[in-house]
Amino acid sequence: MNLLCRGRLKLLVASLTAVVLLTWLYLLAGNLENGRSLLLAPCLAGTPAAQMLERAVLESRVREVEEENRRIRLQLSQSQGPAGQPADGNYGNQQWGASADTGPEDGDNTAEERNNHTECPRSPSVQKCELLHVACVCAGHNASRDVVTLVKSVLFHRRNPLHFHFITDTVAHRILSTLFQSWMVPSVQVSFYDADELKSEVSWIPNKHYSGIYGLMKLTLTKALPADLSKVIVLDTDITFATDIAELWGIFRKFTDKQVIGLVENQSDWYLGNLWKNHKPWPALGRGFNTGVILLYLERLRRMGWEQMWRLTAERELMSMLSTSLADQDIFNAFIKQNPVLVHQLPCFWNVQLSDHTRSEQCYTEVSDLKVIHWNSPKKLRVKNKHVEFFRNLYLTFLEYDGNLLRRELFGCPSQANPESVQLQAALEELDEDDQCYDFRRERLTVHRVHLYFLQYEYTAAEDGTDVTLVAQLSMDRLQMLEAICKHWEGPISLALYMSDAEAQQFLRYAQASEVLKNRKNVGYHVVYKEGQFYPVNLVRNVALKNANTPYVFLTDVDFLPMYGLYDYLRRTVVQLDMAHSKKALVVPAFETLRYRLSFPKSKAELLSMLDMGSLYTFRYHVWPKGHAPTDYAKWRTATTPYRVEWEADFEPYVVVRRDCPEYDQRFVGFGWNKVSHVLELDAQEFDLTVLPNAFMVHMPHAPSFDISKFRSSSGYRNCLNTLKDEFHQDLSRKYGSAALKYLTAQRTA
């Protein structure tokens, strides 16, 4: 009996040992089959805790076998559902070996990489603080406005330093260089390349696309960009990013040794040639590729002779095609068809193309799938797509996003400060925060973003050198004055608008809907973006003044309507008074009405009649007579020739001067002394104040501004204004010497 029990016990122990050994062999085989090392990750092998950790892993895996089997059965049952599109959304072009990267947010891992995953930390595809290079071709006013939305979407998501490379015409260069210089975004570099120097490279190619010659410029990037630049992401201006651009940059590391271009498959049927009868597109592989988003391996392209290769391709195809229909995209596709091994196919969510009749909906199943949205239809936001409302809202978010919020430093990536930033920081550190006027002094040092020529602008200089630009500034609450001013003044206008990003878009819609404004191309609209608690009125005036393109400027305010015909009258007067060879400030007498509806006087005689009847008044006679009393309205009533007047304290007339006149003093913000200080400096520079006998302007009524309300209600505000006045006088004395003492004396007397 004991022998029998002892035999059964040995059999039981042997069975258990066999089970353990078989389980261990099963786990070993499974791990080796999946390319994994036995139980432990390679990075842990050989460590002191290896044996204990191996035992713990073994015990854990034994317990998990049944749970793993259960999950596998569940996955198998789910996979037997209806067949759908591949998760990565790639289709059509995979047979020629251009790898389509798939995978979630962890760096677009391939299936092989996912199977090779270990518990060891994996090196990121993009190094922290690695500099990423982005190139765009941008020409004209509209493209310069569009590219800002693209840049905002990139900056919003980015975690790496960026270097933007812009190939621009003279218009876009002026706009974007000013914008980025005033934006001062940390860890962002910007370089510009003259498109005119590249035109000869592509001007021989007939192009039917609406982008014109600039639509071919991407072909020249190996020549245009610095020779030591090895890789670059190339983007169209109508792109919106929904993720960190570093994810896209990381795909460069997945290129094979032969691949030089990364592209997303074209999502329309254009290159299939079935859109209409006799439709004959350029040659392409399958559906072809879209060039709105390109990864260019510049170093390899230069080495293989890219410039000669694309030229030969274009010359060959143009013999039968005669012209391009889709600009550079046609030539890229013809080149790729001849050299398919050179292209690396990107997942289609890196270029979701929102033109009509595309397969873009197959690129995403959830919002998290979206990476890049491409508004590549001429209809832009009006394109047909069942999810277009979502895409439009995403685009509008960045369109109206406050660009000041993107001035943030990158965590852990110190940026190299430019001289302007260093100087600004030093000036800020000198301020005394306990000073009761600290906010005023801080405002003077605020750098506002400036977007010049926000709308299309066309101006041809007058040959006689007598042209005059009306210069003014405004905010959103004076927008209704623009149409009336354009009706009263037919000459060029330079307007600076102080607005938020969202208000700037409201203004754009207003201007595009106005028959009066959209037909006036000689009006330059310059947006100064809001920041800080004060209205920087003189800074905004200076932006308008510096961007006038005529020899003479009429410095006014937007709530004044000039008399009909004033533009021609001033041009004649400029010649008569020989302003080209003398320092004169021509005073345009100012009047006002308290009525919102006014039959505007058509002549001086009619104005005098309305003045006598009480429907018009001399400007501010009842609240601030000192501002315009030196104009001598009594003399003006009967004057037939210009007459000179002397400067007096607090005199602030509206004047016509040469464009090279002194700028407004930017220490004066909000309400008070902003024009007075400017006229005072004109007198210090010995400008003759000359009143025009047959000119006038009328101030239209409006609600009081927020800043005048603060001036009236705050004694601290008024005290700081007096302090700023004293400091201005001191600076004037240092600048002009003893001759400036009269202004301080006059001010104290007043």
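This passage walks through some of the strands in the structure, starting with β1 and ending with a separate set of pairings. The model is a predicted one, so everything below describes a prediction.

Strand β1 covers residues 132-138, and it is mostly covered, with 7 of its 7 residues buried. Its side chains split into two groups: L132, V134, C136 and C138 point one way, while H133, A135 and V137 point the other way. Whichever way they point, all of these residues are buried.

Two of the pairings made by β1 can be looked at in turn. With strand β2, residues 162-168, the pairing is parallel and runs over 7 bridges. One spot to find on the model is C136, whose bridge partner in β2 is F166. To get from β1 to β2, the chain passes through helix α4, made up of residues 140-157, and this β-α-β crossover is right-handed. Strand β4, residues 231-235, also pairs with β1 in the parallel sense, here over 3 bridges. In that pairing, A135 sits opposite V234 of β4; A135 is also one of the buried residues of β1 mentioned above.

Then there is the sheet containing β5, β10 and β9. These 3 strands form an open sheet in the order β5-β10-β9, and the pairing is mixed. At the edges lie β5 (239-241) and β9 (352-353), each of which pairs on one side only. The link between β9 and β10, residues 372-374, is parallel and has 2 bridges. Here V352 is found opposite I373 in β10.

Technical notes
Residues numbered from 1 in each chain as written. Predicted model: local features only at pLDDT ≥ 70, side-chain atom pairs only at ≥ 80, totals over all residues. Heavy atoms only, no water. Buried < 20%, exposed > 50% of the residue type's maximum accessible area, 1.4 Å probe, protein only. Helix = DSSP H or I, 4+ residues; strand = E, 2+ residues; numbered from the N terminus. Pairing = 2+ DSSP bridges. Right-handed = clockwise from strand over helix to strand, strands pointing away.
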